[in-house]
Amino acid sequence: MNNHHESEKSPAKPVRKGLHPKNLHNQGYDFPVLVKSHPPLAPYVKPNAYGELSIDFADPLAVKTLNAALLNRYYNIVDWDIPEGALCPPIPGRADYIHHMADLLEFGLGHEQPSIKLLDIGTGANGIYPLLACQIYGWQCVGSDINPQSLENVATIITNNPKLKDRFTLRTQHDKNHIFEGIIQDGEFFDVSVCNPPFHASLDEALKGSQRKFNNLARSRGELKATTQSPTLNFGGMGAELWCKGGEQLFLKKLIRESQEYATQCRWFSSLVSKADNVKPAKKLIRKLGAVDVREIEMKQGNKITRILAWTFM
Ligand SMILES: C[S@@+](CC[C@H](N)C(=O)[O-])C[C@H]1O[C@@H](n2cnc3c(N)ncnc32)[C@H](O)[C@@H]1O
């Protein structure tokens, strides 16, 4: 575990509104420190329009290298990499989810918690939630996915980091219509399950979404429209990572319905919900299925608001 960056003298930066108080990225990114500990980041760091050191967040290689640097510096993960086009997760937001789950389980920082078991539904090629949960809290993690190439990539990350070998295991979901079935084994118990569902309903919708994101970034850099080509490559994850039939809404429905069948095998079920409209029907379904507690946890990162829905039948 590597939580000791607080002692470093870095220039005072405004506290980011909204991130969890325990989030190591509350003060923004300290690029000189990151470059020092991860020199491959150096060529991507330049002053932005406000004269502050930054990277071009529309450049996928720059973002990927920033992630590798953050995981290295703050979470002691080496050689993190993802294939071209794979979803590149913003680390501060993903860490927030894990901290909120620790709150839910009423566990604080400061000591290893190897008895806590986390299940990550759809761990992707990046394996981000288990990587953070292992390294921040010392939890035991299982990651599932339907995509064997994604899991192969996470397996490589685990091989590169032998300390994860006994703490992070991978399981293939062979039926894309199932969530927990075939993954949670007989007699097995998890403390919490997390999920960042595929949110778009079609590849076309996913592409349009990424173009919007891309244009927003261009605008924030003072350009009228994106000058760089190929948003598909720049916002990867265009395969099953970002879309599934029925989109986030249907995925959530499946997740909630199946959670009831595993009600006694996981204390807290949870999922990110990106689309605000999906919250109400999801909560309604959760209550209908007999959950005894439902929580909606709001997370803010910059202007973006997402929420976690968490529920328990215990
Ligand atoms: C939006 S990505 C999330 C990746 C990673 N957890 C993250 O937050 O960056 C959704 C992932 O869910 C996977 N997936 C889709 N259907 C699934 C299912 N039924 N069971 C497990 N994973 C699934 C996709 O392959 C994809 O990797």
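User: Buried means under 20% relative accessible area, exposed over 50%, and partly exposed in between (1.4 Å probe, protein chains only). In which class is D293?

Analyst: This is a predicted model, where local features need pLDDT of at least 70, side-chain atom pairs count only at pLDDT 80 or more, and totals for chains, interfaces and linings use all residues. Residues are numbered from 1 along each chain as its sequence is written, and side-chain values use heavy atoms, without hydrogens and water. D293 has 25% relative accessibility, so the class is partly exposed.

User: Which residue meets D293 in a salt bridge?

Analyst: A salt bridge needs a side-chain nitrogen of Lys or Arg within 4 Å of a carboxyl oxygen of Asp or Glu. Here the N to O distance is 2.9 Å. The partner of D293 is R295.

User: How many residues apart in sequence are the parts that K64 and D81 tie together?

Analyst: K64 and D81 form a salt bridge, with the closest N and O atoms 2.8 Å apart. K64 sits in helix α2 (residues 60–75), a DSSP run of H or I with at least four residues, numbered from the N terminus. D81 is in the loop between α2 and α3 (91–104), so the separation is 17 residues.

User: Is K64 buried or exposed?

Analyst: Its partner D81 is partly exposed, at 39% relative accessibility. K64 has 19%, so K64 counts as buried.

User: How many disulfides does a search of the whole structure find?

Analyst: A disulfide is a pair of cysteine sulfur atoms within 2.5 Å. The cysteine sulfur closest to that of C141 is in C134, 3.9 Å away, which is too far for a bond. C244 is in no disulfide either, as the nearest cysteine sulfur, in C195, is 9.5 Å away. The number of disulfides found is zero.

User: How far is a polar side-chain atom of R94 from an oxygen atom of the ligand?

Analyst: R94 is among the residues that come nearest to the ligand. A polar contact is a pair of N or O atoms within 3.5 Å. For R94, the distance to the ligand oxygen is 2.9 Å.

User: How much of the ligand's accessible area does the protein cover?

Analyst: Besides R94, the side chain of N126 has an N or O atom 3.0 Å from a ligand oxygen. A backbone N or O atom of K176 lies 3.1 Å from a ligand nitrogen. On its own, the ligand has 600 Å² of accessible area (Shrake-Rupley, 1.4 Å probe). The protein covers 99%.

Methods
A residue is near a molecule or strand if one of its heavy atoms lies within 4 Å of it. A polar contact is a pair of N or O atoms within 3.5 Å; within protein, one must be able to donate a hydrogen and the other to accept it, and residues adjacent in sequence count only if both atoms are side-chain atoms. Helices (H or I, at least four residues) and strands (E, at least two) are DSSP runs, numbered from the N terminus.
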